[in-house]
Amino acid sequence: MKTLFCDLDNTLLFQLESGLYGIKDKDLKALQKALKEDVKLVIASGRPADINESISKMIGVEVDAVGHNGHQLISGDQNIIFASFPVEDYLKMTDYIQETYPEFNTATTDFKGVYYVGDVNKPEP
């Protein structure tokens, strides 16, 4: 079995004509074809790992996820977070990165767009 690790924003998810974010039809068809050929999809994102639920619904197959840039690991078929550290620690890391590398945007959000960190255009949680 091969494993495909995929980021979300502007990699797998794009803003659609409806204004919502989703998977483009051609990408969805290619992904579904790969999944039928014994390829496993793992989402690797800055978003929380439970984003796997929304992606699983979009593609019709359970997917695993590595969330918050590596601080959460979740199994799609078991819906269990295997590893995580407190959000407070994640916030401290994000603040440190933002202070050290101010030219980079360290924003992260859940699938509904309600959680931001370090984005000067959005409020802190």
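**Close-up views of a predicted model**

**View 1. Helix α1 has the span expected of its residues.** This model is predicted. Helix α1 covers residues 25-36. At 1.5 Å a residue, its 12 residues should span 16 Å. The C-alpha atoms at its ends lie 17 Å apart, which agrees.

**View 2. Helix α1 has a buried side and an exposed side.** Leu28, Leu31 and Leu35 of α1 are buried. These leucines cover an arc of only 65° around the axis, so they sit on the same side of α1. In an α-helix there are 3.6 residues a turn, so residues three or four places apart point the same way. Asp25, Lys26, Lys29, Lys33 and Lys36 are exposed on the other side of α1.

**View 3. The buried residues of α1 have three packing partners.** They pack against β1 (2-6), β4 (39-44) and α2 (51-59). Asp38, just after α1, has a positive phi of about 70°.

**View 4. Helix α2 lines up its buried residues on one face.** Ile51, Asn52, Ile55, Ser56 and Ile59 are buried in α2. Viewed down the axis of α2, they fall within an arc of 135°, so they line one face of the helix. Gly60 comes just after α2 and takes a positive phi of about 80°.

**View 5. A nonpolar patch lies on the surface.** Its members are Met93, Tyr96, Ile97 and Tyr101. Together they have about 410 Å² of accessible area. Tyr96 belongs to helix α3 (residues 87-100). Is Tyr96 buried or exposed? Tyr96 counts as exposed, because its relative accessibility is 54% and the cut-off for exposed is over 50%.

How values were computed:
Residues numbered from 1 in each chain as written. Predicted model: local features only at pLDDT ≥ 70, side-chain atom pairs only at ≥ 80, totals over all residues. Heavy atoms only, no water. Patch = residues over 30% accessible without salt bridge, like charges linked within 9 Å, V, L, I, M, F, W, Y side chains within 5 Å. Areas by Shrake-Rupley, 256 points an atom, 1.4 Å probe, with all protein chains shown as cover. Salt bridge = Lys/Arg side-chain N within 4 Å of Asp/Glu carboxyl O. Helix = DSSP H or I, 4+ residues; strand = E, 2+ residues; numbered from the N terminus. Buried < 20%, exposed > 50% of the residue type's maximum accessible area, 1.4 Å probe, protein only. Expected span 1.5 Å × (residues − 1). Arc of directions from axis to C-beta. Contact = heavy atoms within 4.5 Å.
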